[in-house]
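Reader: I am new to this structure. Please take me through one part of it closely, the salt bridge, and then set that part in its surroundings.

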Amino acid sequence: MENLFHAYWWLIFPIFGMAVSFFGLYTYQKVRTEKIKLIKHYIDQGKEPPPALLAALGDSNTPSPSKSPQESLTTLAVFAALAAAFGYFGFTENEKIFIAMSIGFGIGAIAALISAIIKHKQGKD
């Protein structure tokens, strides 16, 4: 059992990331459902819902992990650091799984860079 943990210790990070992402999506859905219930409560009473409540519901139709170029640059830094670390260990210890992880994080870093560039251009307009 100890050898199994030694070989797959790095799985802790993606599993933790998936758990955090699931929790974020769950809380996003719960907040959105509560907003809809509150709007329905106003409508059932025959009142017009406050414009701020409708605006809060309309602000985020889909959950977005990053809303500013700075947050995309933070994501870029994290993914690039992970790609470098996994790449280093992959090449020094000749482990193919680390090289595969490095490539995956490298692709994530490139996607974060593209996202930051697009958001930066949108901010200028």
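Author: Start with the term. A salt bridge here is a side-chain nitrogen of Lys or Arg within 4 Å of a carboxyl oxygen of Asp or Glu. The model is predicted, and side-chain atom pairs count only at pLDDT 80 or more. The structure holds one salt bridge.

Its partners are E34 and K37. The closest N and O atoms of E34 and K37 are 3.9 Å apart. That value falls within the 4 Å cut-off, so the pair qualifies.

Where do E34 and K37 sit along the chain? Both belong to helix α2, which covers residues 12–44. They are three residues apart there, so about one helical turn separates E34 from K37.

Are the two partners buried or exposed? E34 has 43% relative accessibility and counts as partly exposed. K37 has 52% and counts as exposed. The reason lies in the cut-off: exposed means over 50%, and partly exposed runs from there down to 20%. K37 therefore passes the 50% mark, while E34 stays under it.

Now step back to the chain. The protein chain has five helices and zero strands. Read along the sequence, its pattern is α-α-α-α-α. It has 125 residues, and 18% of them count as buried. Its accessible surface comes to about 9,600 Å². Carbon and sulfur atoms account for 69% of that surface. Contacts reach along the sequence too. Take those between residues at least 6 apart: 50% of them join residues at least 24 apart.

Next, the buried side of the picture. The largest nonpolar core has six residues: W10, A83, F86, F98, M101 and F105. Two elements give two or more residues to this core, α4 (69–92) and α5 (96–124). The largest share, three residues, comes from α5.

W10 deserves a closer look. Leaving aside residues up to four places away in sequence, W10 touches F86, I97, F98 and M101. Of these, F86, F98 and M101 are listed with W10 in the core.

One more residue belongs to this region of the sequence. Y88 lies in helix α4. Y88 is exposed, with a relative accessible area of 52%. How far is Y88 from I99? They are eleven residues apart in sequence, and their C-alpha atoms are 8.3 Å apart in space.

Back to the request. The salt bridge joins E34 and K37, a pair within helix α2. The largest nonpolar core draws its largest share from α5.

Notes
Residues numbered from 1 in each chain as written. Predicted model: local features only at pLDDT ≥ 70, side-chain atom pairs only at ≥ 80, totals over all residues. Heavy atoms only, no water. Helix = DSSP H or I, 4+ residues; strand = E, 2+ residues; numbered from the N terminus. Buried < 20%, exposed > 50% of the residue type's maximum accessible area, 1.4 Å probe, protein only. Contact = heavy atoms within 4.5 Å. Areas by Shrake-Rupley, 256 points an atom, 1.4 Å probe, with all protein chains shown as cover. Core = buried A, V, L, I, M, F, W, Y, C linked by side-chain atoms within 4.5 Å.
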